Amino acid sequence: MLFTTFSVEKPLLYYKGGEFSAQGAWCHRPMYHKGDYELILCLKGPIYLQIDNQKITVSPNEIVLIPPFTPMSGYQDSDTPVDFYWLHFFSQHKETTFEADENAMFSEIKTNKNSKHRLSLPLHFKLPDYESATILIHQILSIHNELSSIEERDYLVSALLIQLYKSYFNHFDVQSDSAKINDMKEWIRANMSSTLTVAEIADNMHLNVDYLTRLFKKCTGMTTLQYLNHIKIEVATLLLIRTEMSVKQIAAASYFNDSKVFMRRFKKSTGLSPSEYRKSCNLIHLNNPHVDPQIPIPKRIVDSIDYIPENGNVPEDSPSPNSRNL
């Protein structure tokens, strides 16, 4: 399995990103990454990609990472609707791509042999809890503050990679308390309702309520009740950024019996009313017909790292599989 490293001692540097969707037959045009990584989160698919010499099928809720200096293209039309987030960024370190066994990687991480500032992620994997990543990516793409002296998106991209790293390896650890909590979270998501109680969860997990609460707090930093409220707000947030539903409809769909209670809890959690949150998060680069337009690399990135060649199209000496972009 192919992995890539990410050094987060210094923040990763956001370059460009957006959301792309297509309703008819579509195939990704040929591209070549010069110094930058690309992250793709598939929302609707499948997407058929050839990365270097490897063909992969990307399904909904799966992540793909394309390393620098790598040709990529589509190798087959997606005949069903396609929707995905795409995000380009640079590392301030020279990273490596390597082949490794998942068990060996997990063992290395579990025994703390990995540097605390170094993450390793597969180039293609299914995201266990895609909701949090979806919200964070949308937040990154919604930021348009050219006057800020601190590039907020750099730190959010770094936080995103850390979140993906923790999500992937926690899910992989089937023996840990975290894995038990992950199973519990999946059950809660599948059985969520406005009346679900901590006692019901404990009964289903065959655990004492007090023990369940202590274990949940230890692994997540939240009580079970706080997590239930967190999930409701997360569902509402996804509906706000991904649908045109009214606030009242979203309150009901996110398991709140009272829309006023929903609006009060949402503002307490996010600092914004539902309407304000939706307005702040709808300014993303959407439906560019070319996907990944070539734009100049920002000066702040060029000044930070010294190994970026001129960005451009696929060079003549690199493989360029036939494809077309509609």
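This tour proceeds through a predicted model, one selection at a time.

**The whole chain**

Begin with the entire chain displayed as a cartoon. The chain contains eleven helices and twelve strands. Of its 326 residues, 47% are buried. Consider next the contacts between residues at least 6 apart in sequence: 77% of them join residues at least 24 apart.

**Strands S4 and S5, and the loop between them**

Select strand S4 (37-44) and strand S5 (47-51); Pro46 lies in the loop between these two strands. Display the backbone from Gly45 to Pro46, where the peptide bond is cis, with omega near 15°. Most peptide bonds are trans.

While strand S4 is in view, select Cys42. Is Cys42 buried or exposed? Cys42 has a relative accessibility of 0% and therefore counts as buried, the limit being under 20%. For contrast in the display, select Cys219 as well; its relative accessibility is 27%, so Cys219 counts as partly exposed. How many disulfides does a search of the whole structure find? The search returns zero.

**Pro71 in strand S8**

Move to strand S8, which covers residues 71-74 and includes Pro71. With a relative accessibility of 6%, Pro71 counts as buried. Add Pro30 to the selection and draw a line between the two C-alpha atoms. Pro30 and Pro71 stand 41 residues apart in sequence, and their C-alpha atoms are 7.2 Å apart in space.

**Helices H5 and H6**

Two packed helices are described by the angle between their axes and the distance between the axes. The next three stops use both quantities.

Select helix H5 (residues 198-205) together with helix H6 (209-220). Their axes come within 9 Å and cross at roughly 95°. H5 is therefore roughly perpendicular to H6. To view the contact, show the side chains of Val198, Ala199, Ile201 and Ala202 in H5, which meet Val209, Leu212 and Thr213 in H6. By class, this contact of H5 with H6 comprises six nonpolar residues, one polar residue and no charged residue.

Now centre the view on Ala202, which belongs to helix H5. Its relative accessibility is 1%, so Ala202 counts as buried. Which residues does Ala202 contact when its neighbours within four places in sequence are set aside? They are Leu207, Asn208, Val209 and Leu212. Thr213 may be added to the selection: the C-alpha atoms of Ala202 and Thr213 are separated by 8.9 Å, and the two residues are eleven apart along the chain.

Between H5 and H6 is a loop that holds His206. Phi of His206 is near 60°, a positive value in a residue other than glycine. Most residues other than glycine have a negative phi. Is His206 buried or exposed? With a relative accessible area of 73%, His206 is exposed, because the threshold for that class is over 50%.

**Helices H6 and H7**

Keep H6 on screen and add helix H7 (residues 224-242). The axes of H6 and H7 come within 8 Å and cross at roughly 60°. This crossing makes H6 oblique to H7. Four residues of H6 to display are Leu212, Thr213, Phe216 and Lys217; on the H7 side, the contact is made by Thr224, Gln226 and Tyr227. The residues of this contact divide into three nonpolar, three polar and one charged. Leu212 and Thr213 were also displayed at the previous stop, where they meet residues of H5.

**Helices H2 and H7**

Hide H6, keep H7, and select helix H2 (residues 130-142). The axes of H2 and H7 come within 10 Å, with a crossing of roughly 45°. The two helices are therefore oblique to each other, and their crossing is left-handed. On the H2 side, display Glu131, Ser132, Thr134, Ile135 and His138; these meet Glu234, Thr237, Leu238 and Ile241 in H7. The contact of H2 with H7 has three nonpolar, four polar and two charged residues.

**The loop between H8 and H9**

For the last stop, select helix H8 (247-253) and helix H9 (259-270), then the loop between them, where Tyr255 is found. Phi of Tyr255 is near 70°, and Tyr255, like His206, is a residue other than glycine with a positive value. Tyr255 has a relative accessible area of 25% and is therefore partly exposed.

How values were computed:
Residues are numbered from 1 along each chain as its sequence is written. This is a predicted model: local features need pLDDT of at least 70, side-chain atom pairs count only at pLDDT 80 or more; totals for chains, interfaces and linings use all residues. Side-chain values use heavy atoms; hydrogens and water are left out. Axes are lines fitted to C-alpha atoms, for helices over the stretch in contact, and angles run from 0 to 180 degrees between N-to-C directions. Angles under 35 degrees count as roughly parallel, over 145 as roughly antiparallel, 65 to 115 as roughly perpendicular and the rest as oblique. A crossing is left-handed if the near helix is turned anticlockwise from the far one by less than a right angle, and right-handed if clockwise. Contact means heavy atoms within 4.5 Å. Ala, Val, Leu, Ile, Met, Phe, Trp, Tyr, Cys and Pro count as nonpolar, Asp, Glu, Lys and Arg as charged, and the others, Gly among them, as polar. A disulfide is a pair of cysteine sulfur atoms within 2.5 Å. Buried means under 20% relative accessible area, exposed over 50%, partly exposed in between (1.4 Å probe, protein chains only).
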